[in-house]
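The following report examines how strands, nonpolar cores and aromatic side chains are arranged in a single protein chain. It is intended to be read alongside the sequence and the coordinates.

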Amino acid sequence: MNPLCGRCNRVVYPTEKVNCLDKYWHKGCFSCEVCKMTLNMKNYKGFDKKPYCNAHYPKTNFTSVADTPENLRLQQQTKMQSHVRYREDFEKNKGKCFSSVADTPEIQRVKKSQDNISNIKYHEDFEKAKLGKDAPQPQSGHSPAAFQPPAASQNNYDAPSESVGQAAGGPATGSGKKYRAVYDYAAADEDEVSFVDGDVILDVHQIDEGWMYGRVERTGQQGMLPANYVEAI
């Protein structure tokens, strides 16, 4: 039995049948819904199971949505859950309360790094090095006692500043090398010396691989200084 046409609702014979959009059409009935232009399988566009030409194909329009109370509530809830809102609240409340932090592997790594670079850790290693084989040797013509730490410094780290200066092994004036500062440095302890870029450091003696002892020509102060902050003249 032959099917009926989707437009004129009459019988469609095989010689004039067009099968498209889930319907059967006469070739003459397969036309645009608006301008009635005859279409074929190459130039038609289907919408809602109806054929259209390219010029009259329905366009998709966007619908504006009013800010109803329900939409406002959802919008506010989304903001409260967003990461941006969380960061804003965190910055506002930072420092107002304290919370316990788990000792995670990352925190343990940070603590270990801080211990390695701390000033106390450095001075402990420095005191041990002075008492060991790597203690600095005195220059010829100078008293060896100048490089020997006093008994109070060996037994107690919190010795007076005068003992610390002796333990640092301050050499006699005019007996060391001359260096120039290439960076600014602020003393972090009593036995260290501050300087700025371009200062000349006199009477410089090597204490260990990373530290020296010398006198700043501009200020007249003497003490320990980092070796990577200066260069030889």
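The report treats the overall make-up, then the sheet, then the nonpolar cores, and lastly the aromatic contacts.

**Overall make-up**

The model is predicted, not derived from an experiment. The protein contains 6 helices and 9 strands. Of its 233 residues, 25% count as buried. Among contacts with a separation of 6 or more, 37% are between residues 24 or more positions apart.

**The five-stranded sheet**

In what order do the strands of the open sheet follow one another? The order is β8-β7-β6-β5-β9, and the pairing is antiparallel. β8 and β9 (230-232) occupy the edges; each has a single partner strand, so one side of each lacks a neighbour in the sheet. On average, neighbouring strands of this sheet are turned by 45 degrees against each other, direction ignored. As general background, strands of a sheet pair through backbone hydrogen bonds, in either a parallel or an antiparallel manner.

The pairings for which bridges are listed here are set out below.

| Strand pair | Bridges | Direction |
|---|---|---|
| β5 and β6 | 3 | antiparallel |
| β6 and β7 | 4 | antiparallel |
| β5 and β9 | 3 | antiparallel |

Individual residues show how these strands are set against one another. Between β5 and β6, R180 stands opposite V200, and the bridge partner of Y179 in β6 is I201. Y179 also stands opposite A232 in β9, while I201 stands opposite V216 in β7. Taken together, Y179 faces I201 in β6 and A232 in β9.

β6 and β7 form a hairpin, with 4 residues between them. Is β6 enclosed or open to its surroundings? Of its 7 residues, 5 are buried, so β6 is largely enclosed by the rest of the structure.

**Nonpolar cores**

The largest nonpolar core has 18 residues, of which Y179, F195, I201, M212, M224, L225 and V230 touch the most other members. At least two residues of this core come from each of α4 (119-131), β5, β6, β7 and β8 (222-226). The most is given by β7, with 4 residues.

M212 illustrates the contacts made by one of these core members. With neighbours within four places in sequence left aside, M212 is in contact with Y179, V204, H205, Q206, I207, G223, M224, L225, A227 and V230. Apart from the largest core lies another core of 9 residues, including C20, F30, C32 and L39.

**Aromatic contacts**

How many aromatic pairs does the structure hold? There are 8 aromatic pairs. In the pair of F47 and Y57, the ring centres are 6.0 Å apart and the planes stand at 85 degrees, so the arrangement is edge-to-face. This pair links distant parts of the chain, 10 residues apart: F47 belongs to strand β3 (residues 45-47), and Y57 lies in the loop between β4 (50-52) and α1 (69-81). F47 has a relative accessibility of 40% and therefore counts as partly exposed. Y57, with a relative accessible area of 27%, is likewise partly exposed.

A second edge-to-face pair is formed by Y185 and W211, with 6.5 Å from centre to centre and 75 degrees between the planes. It too links distant parts of the chain, 26 residues apart: Y185 lies in the loop between β5 (177-181) and β6 (200-206), and W211 in strand β7 (residues 211-216). Are these two residues buried or exposed? At 13% relative accessibility Y185 counts as buried, and W211 is buried as well, at 16%. The threshold that decides both cases is a relative accessible area under 20%.

Y185 and W211 also belong to one aromatic cluster, formed by Y183, Y185, F195, W211 and Y229. F195 in this cluster is also among the residues that touch the most other members of the largest nonpolar core.

Y57 has a further contact, with a charged side chain: the charged end of K45 sits over the ring of Y57, 5.5 Å from the ring centre. Y57 thus takes part both in the edge-to-face pair with F47 and in this arrangement with K45.

Key
Residues numbered from 1 in each chain as written. Predicted model: local features only at pLDDT ≥ 70, side-chain atom pairs only at ≥ 80, totals over all residues. Heavy atoms only, no water. Phe/Tyr/Trp six-rings, centres within 6.5 Å; stacked < 30°, edge-to-face > 60°. Buried < 20%, exposed > 50% of the residue type's maximum accessible area, 1.4 Å probe, protein only. Lys NZ or Arg CZ within 6 Å of the ring centre and 35° of its normal. Pairing = 2+ DSSP bridges. Core = buried A, V, L, I, M, F, W, Y, C linked by side-chain atoms within 4.5 Å. Contact = heavy atoms within 4.5 Å. Axes fitted to C-alpha atoms, helices over the stretch in contact; angles between N-to-C directions.
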